[in-house]
Every structure is written in structure tokens, then in C-alpha cells.
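Colleague: Please take a close look at a single part of this model, and set it against the rest of the chain. I should like the cut-offs stated as each term comes up.

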Amino acid sequence: MENKTPNHSIECSVKQCEYHCQNENYCTLNTVKIATHEANPTVCQCVDCESFVKKSNCSGGNCH
Ligand code: SF4
């Protein structure tokens, strides 16, 4: 359990990210950078959060 302050303007379910609130599905950063890895994005899956950083104590999809 961590006690990071959730930013309720940035909803996120990526618990494997260092900046995820963990207790609630929100990011803890003030701002995030969103971008695309495609030349011509057409669907949601083309878009990424570039602020993502892999959580250090995550392994095999299990985060604490
Ligand atoms: S940095 Fe991006 S991926 Fe990580 S918790 Fe925030 S919104 Fe989610």
C-alpha cells in the first residue's frame, strides 16, 4: 500500500506504472504527456502515455 495523492483529473488504470496512485485508479502526476507511436493514429491503441515509468517493485504484472 502506498499513500500517493491521486490527481482526479487524470484517470488511469495502469498499476504497473511508478506514478499510479495504487489505492485508486488515478495518476499522481500534475501533468502527463500523451503521444502516438504511429504516423497516422486511427484507434485508441495507437496512443500512449509517455510519462509512464515501470514500477520498480513490479514483476510479472504483480504490483504492490
Ligand atoms: S504516468 Fe501515465 S501510465 Fe503512469 S499512472 Fe500516470 S497516466 Fe498512468
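**From one loop residue to the ligand shell**

Modeller: Gln22 counts as buried because its relative accessible area is 11%; buried means under 20%, exposed over 50% and partly exposed in between, with a 1.4 Å probe and protein chains only. This is a predicted model, in which local features need pLDDT of at least 70 and side-chain atom pairs count only at pLDDT 80 or more, while totals for chains, interfaces and linings use all residues. Residues are numbered from 1 along each chain as its sequence is written, and side-chain values use heavy atoms, with hydrogens and water left out.

Gln22 belongs to the loop that joins strand S1 (7-11) to strand S2 (26-27); strands (E, at least two residues) and helices (H or I, at least four) are DSSP runs numbered from the N terminus. Although Gln22 is not a glycine, its phi is positive, at about 75°.

The loop between S1 and S2 also holds Glu18. With a relative accessible area of 25%, Glu18 is partly exposed. The C-alpha atom of Glu18 is separated by 4.1 Å from that of Lys55, although their positions lie 37 residues apart along the chain. Apart from residues up to four places away in sequence, Glu18 touches Lys4, Val53, Lys54, Lys55 and Ser56, where contact means heavy atoms within 4.5 Å. With Ser56 there is also a polar link: a polar atom of the Glu18 side chain lies 3.2 Å from the backbone nitrogen of Ser56. Such a polar contact is a pair of N or O atoms within 3.5 Å; within protein, one must be able to donate a hydrogen and the other to accept it, and residues adjacent in sequence count only if both atoms are side-chain atoms.

I turn next to the strand that precedes this loop. Asn7 lies in strand S1 and is buried, since its relative accessible area is 17%. Its side chain serves two backbone partners: one polar atom pair joins the Asn7 side chain to the backbone nitrogen of Ser9 at 2.9 Å, and another joins it to the backbone oxygen of Leu29 at 3.0 Å. Beyond residues up to four places away in sequence, Asn7 touches Tyr26, Cys27, Thr28, Leu29 and Asn30.

Ile10 is likewise found in strand S1, and at a relative accessible area of 15% it is buried. The contacts of Ile10, leaving aside neighbours within four places in sequence, are Tyr26, Cys27, Leu29, Asn30, Thr31 and Val32. Ile10 and Cys27 are 17 residues apart in sequence, yet their C-alpha atoms are 5.6 Å apart.

Ile10 and Cys27 both appear in the ligand shell, together with Cys12, Cys17, Tyr19, His20, Leu29, Val32, Cys49, Ser51 and Phe52; a residue is counted if one of its heavy atoms lies within 4 Å of the ligand. By class, nine of these residues are nonpolar, two are polar and none is charged; Ala, Val, Leu, Ile, Met, Phe, Trp, Tyr, Cys and Pro count as nonpolar, Asp, Glu, Lys and Arg as charged, and the others, Gly among them, as polar. The ligand takes up the space of the largest pocket. A pocket is an open set of points on a 1 Å grid over the protein atoms alone, where a 1.4 Å probe fits and protein lies on both sides within 12 Å along at least five of seven lines; a molecule sits in one if more than half of its atoms lie within 2 Å of its grid points.

Within that shell, Ser51 is placed in the segment after strand S4 (47-49). Ser51 counts as buried because its relative accessibility is 16%. Its side chain reaches the backbone nitrogen of Lys33 at 2.8 Å. Residues up to four places away in sequence aside, Ser51 touches Tyr19, Leu29, Val32 and Lys33.

On the other side of S4, Cys46 sits in the loop between strand S3 (34-36) and S4. Cys46 is buried, as its relative accessibility is 7%. Its C-alpha atom is 5.8 Å from that of Thr36, ten residues away along the chain. Not counting residues up to four places away in sequence, Cys46 touches Ala35, Thr36, His37, Glu38 and Pro41.

As for the chain as a whole, its elements are four strands and zero helices, in the order β-β-β-β from the N terminus on. Of its 64 residues, 20% are buried. Among contacts with a separation of 6 or more, 27% are between residues 24 or more positions apart.

Methods. 1 Å grid on protein atoms, 1.4 Å probe; cavity = no way out; pocket = protein on both sides within 12 Å on 5 of 7 lines; lining within 4 Å.
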